[in-house]
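Trainee: Could you show me how to read helix packing and empty space in a protein model? I'd like the general idea each time, then the case at hand.

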Amino acid sequence: MEQQLPNNNPQSSSNIPASMSHGGHELFDAHEVIASVISLLDQYQLYDQHMQDEELKQIASRQSSFLTELYNIMVECLQTGAKPSQSTHVYKMEQNNDVTYGMKPTKPKKPNQSINDLSDQGLSAYMLGQTKGLASLMAMTALEMTNPVLRRVIADSVPNLIEMSYEVFLYQNKHGYYQVPQLAPQDIAQMTNSYAPATNQGLH
C-alpha cells in the first residue's frame, strides 16, 4: 500500500481552501481545547446531580449553556476555517464584585471517603479548577493558531473563561469556601507604593 506523504511544497494561505488553512500544531492544540470544553460540560452534568444550592446550580447552568454555544462555534470554525455563522458573545456573570477579606477558623480539609461526602464547597472548587485550567489552555493555544478566524474565537474566549472563574470564586468567597488573607495595612501600603511612574522616551 502506497504511503501518503505530506505536501512539502510551501503554499500561501491565499492559495489554500479555508477548510484546509490549519497548521499541524494548530490542529493538535485545537483538538485539545475542544476536548477540554467537552470534558468541562460532561463534568458539570455530573456535578449538577449532587449540588444542593440553587444559586450554584444556576451558575453551572449558565456557564454550560454559554460553553455549549462556544463549542459549536469552535467546531464550525475548525471545519470551515471561515467566519462562523454565529458570533461569539461576552459572558456576563450575575455575582456582584464584593470580596470578603480576612480569615476565619475552619475545619481541616481531607479527601472524600465516598460520593456521599460531595458538597457544594467541593463541587464549586472543581468548577473553579476547570474554568481556570481552560482559560490557561485557551491562552496558550491562541498563540499557536495560524488560521485567523479560529485564533480570534479562541483568543476572545479567554476573557470569558476568566469571568466564569471569577464568578465561581465570588460564590465560594461569599460562602466562606475561599477565604482571602490580607497583609497588614502598612505592608499593603509599602507593596502598592513600591513603583513610580516612568517617562516614556521610546527606543533609540
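Here is a talk through helix pairs, then a cavity and a pocket.

Mentor: Before we start, this is a predicted model, so local features need pLDDT of at least 70, side-chain atom pairs count only at pLDDT 80 or more, and totals for chains, interfaces and linings use all residues. Residues are numbered from 1 along each chain as its sequence is written, and side-chain values use heavy atoms, with hydrogens and water left out.

Trainee: At what angle do the axes of α1 and α2 cross?

Mentor: Helices here are DSSP runs (H or I, at least four residues), numbered from the N terminus. An axis is a line fitted to C-alpha atoms, for helices over the stretch in contact, and angles run from 0 to 180 degrees between N-to-C directions. In this model, α1 (residues 24–48) and α2 (residues 54–80) have axes that come within 10 Å and cross at roughly 155°. That makes α1 roughly antiparallel to α2 (the label for angles over 145 degrees, while under 35 counts as roughly parallel).

Trainee: Which residues of α1 and α2 make the contact?

Mentor: Contact means heavy atoms within 4.5 Å. On the α1 side, the residues include L27, A30 and Y44, and on the α2 side they include K57, L67 and L78. By class, this contact of α1 with α2 has 15 nonpolar, four polar and two charged residues. For the classes, Ala, Val, Leu, Ile, Met, Phe, Trp, Tyr, Cys and Pro count as nonpolar, Asp, Glu, Lys and Arg as charged, and the others, Gly among them, as polar.

Trainee: How do α2 and α4 pack, parallel or antiparallel?

Mentor: Their axes come within 11 Å and cross at roughly 170°. α2 and α4 are therefore roughly antiparallel to each other. Among the residues that meet are F66, L70 and I73 in α2, and S157, N160 and L161 in α4. The contact of α2 with α4 counts 17 nonpolar, three polar and four charged residues.

Trainee: And what is the angle between α2 and α3?

Mentor: α2 and α3 pack at about 25°, with their axes 12 Å apart. α2 and α3 are therefore roughly parallel to each other. In α2, L56 and M74 are among the residues that meet α3, where S124 and M138 are among the partners. That contact of α2 with α3 has seven nonpolar, three polar and one charged residues.

Trainee: Now the empty space. How many cavities of 30 Å³ or more are there?

Mentor: On a 1 Å grid over the protein atoms alone, a cavity is a set of points where a 1.4 Å probe fits but cannot get out, a pocket is an open set with protein on both sides within 12 Å along at least five of seven lines, and lining residues have an atom within 4 Å of a point. Grid points are joined across faces, edges and corners, and a volume is the space filled by probe spheres set on the points. The search of the whole structure finds one such cavity, and the largest cavity has a volume of about 60 Å³. Its lining includes F66, L70, I73, S157 and N160, with the largest share, four residues, coming from α2.

Trainee: Which helix gives the most to the lining of the largest pocket?

Mentor: Helix α3 (residues 120–142) does, with four residues. About 660 Å³ of space lies in this pocket. Of its 22 lining residues, the closest to the centre are K107, P108, K109, K110 and Q121. The lining divides into eight nonpolar, nine polar and five charged residues.

Note on methods: Helices (H or I, at least four residues) and strands (E, at least two) are DSSP runs, numbered from the N terminus. Angles under 35 degrees count as roughly parallel, over 145 as roughly antiparallel, 65 to 115 as roughly perpendicular and the rest as oblique.
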